[in-house]
Amino acid sequence: MNKFELFQKYINHKYSNKLTINLSPPSSFRCRSEFSYKDNHYVMHDKNKKIYMTSFSNASNTIQKVMPKLLNEINNSNSIKDKLFQINFRSNKNNKVMVTLIYHKNVESLVDKIKIISKKLNIQIILRSKKYFFSTNDLFFEDRLNYQNLKIYQTDNCFYQPNKFLVDKMISKVIDFIESPKDLLELYCGVGTFTLPLSTVFNKVLATESDRNSIKCLYNGLDVNDISNVDHARLSANEVTLLIRGKEFRRMKNNKISDYDFSHILVDPPRSGLTNEVIEIVKDFKNIIYISCNPYTYIRDINLLQNHNINKIELFDQFPNSEHLEIVSILSKN
């Protein structure tokens, strides 16, 4: 039984129709990849085994082309490779690449060399070490969504959807799923991957997120795209539960929860799923847009939402040839 059949089995009591599965190409799909650095190689860890490589077939074509060239530059400089322990890559639809080099030493002395490599390879390079940050370009890395050609931003250390082939399909599917929208409450909004397009669907959006870097990216996206119907607050999901129960937060500025007429709540939690506190407030909403990267915690959570059934659902195979699944669904109250 494959992962799709297994998932179908576990949700059959909530959704018995045949599942629609959106597949990804088996390679060159990752626009975000992270590696250790050791013995002149990129390193990935598979259980207790280290895998040494010079390129990575799952990475986007743009990243694949850069990887061996950058590795050569690093390995040819003792000062650049000394105490280097992590190398992270991100790419966008304009075939631009952002690379972060993370060190166990002070790296101010490397700036001039890094500028030369950045120009030579035509990539953005960020240097990070304890209490030090340097970037050859702007802090924000710009990308675009297919939906209305919206500009979206990320930093080198915030969450961003990794599969370049499926992210726009996921956005389109969420929009297709929505019926009779009024206002939206969004938890775990991140950089605004769903916030920005959904601002065109709902009257008002209250978007919440606890990560400071992600919130900065969201602010930038709202400003550049001239979106004015999204209110945002740096609140964790558990703090939102307190907000709904009446606690006041200065981070809400002048906005009040009573100012909204929510028809939907959107949750896109980390792999750990929803906390019990979040479950308690989510279950009071008529419509729940639940986006999940972990089928096991998703199944656990929907079983706790006893008065909701899965109205619409599709699967997205973000990481082919692995056990991972991305789930986009709408749950509606009976």
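A residue is called buried when its relative accessible area is under 20%, exposed when that area is over 50%, and partly exposed in between (1.4 Å probe, protein chains only). The exercises below concern a predicted model, in which local features need pLDDT of at least 70 and side-chain atom pairs count only at pLDDT 80 or more, while totals for chains, interfaces and linings use all residues. Residues are numbered from 1 along each chain as its sequence is written, and side-chain values use heavy atoms, with hydrogens and water left out.

**Exercise 1. Backbone angles in two loops**

Determine where K253 and N122 lie, and state whether each is buried or exposed.

Solution. Helices (H or I, at least four residues) and strands (E, at least two) are DSSP runs, numbered from the N terminus.
- Step 1: K253 belongs to the loop that links α8 (237-244) with β14 (262-267). Because its relative accessible area is 57%, K253 is exposed.
- Step 2: N122 occupies the loop between α4 (111-121) and β7 (124-129). With a relative accessible area of 55%, N122 is likewise exposed.
- Step 3: Most residues other than glycine have a negative phi. For K253, phi is near 55°, a positive value. For N122, phi is also near 55° and positive.

**Exercise 2. A third loop residue**

Locate Q148 and give its C-alpha separation from T200.

Solution.
- Step 1: Q148 is placed in the loop between β9 (141-144) and β10 (151-154).
- Step 2: Its relative accessibility is 54%, so Q148 counts as exposed.
- Step 3: Q148 and T200 are 52 residues apart along the chain, and their C-alpha atoms are separated by 9.6 Å.

**Exercise 3. The surroundings of L315**

Identify the element that holds L315 and the residues with which L315 is in contact.

Solution. Contact means heavy atoms within 4.5 Å.
- Step 1: L315 is part of strand β16 (residues 308-316).
- Step 2: L315 is buried, because its relative accessible area is 0%.
- Step 3: Neighbours within four places in sequence aside, L315 is in contact with F4, F7, L19, T20, I21, N22, L325, E326 and I327.
- Step 4: L19, one of these partners, is 296 residues from L315 in sequence, yet the two C-alpha atoms are 7.3 Å apart.

**Exercise 4. The nonpolar cores**

Which residues touch the most other members of the largest nonpolar core?

Solution. A nonpolar core is a set of buried Ala, Val, Leu, Ile, Met, Phe, Trp, Tyr and Cys residues joined through side-chain atoms within 4.5 Å.
- Step 1: The largest core has 37 residues, and F7, I11, L187, I265, V267, Y298 and I313 touch the most other members.
- Step 2: Helix α9 (residues 276-282) supplies the largest share of this core, four residues.
- Step 3: A second, separate core has 36 residues, including I152, L198, A207 and L222.
- Step 4: Beyond residues up to four places away in sequence, F7 touches L19, P295, Y298, I299, I313, L315, L325 and I327.

**Exercise 5. The chain as a whole**

Describe the secondary structure, burial and long-range contacts of the chain.

Solution.
- Step 1: The chain contains 10 helices and 17 strands.
- Step 2: Of its 334 residues, 54% are buried.
- Step 3: Among contacts between residues at least 6 apart in sequence, 61% join residues at least 24 apart.
- Step 4: The C-alpha atoms fill a box of roughly 65 × 50 × 35 Å along the principal axes.
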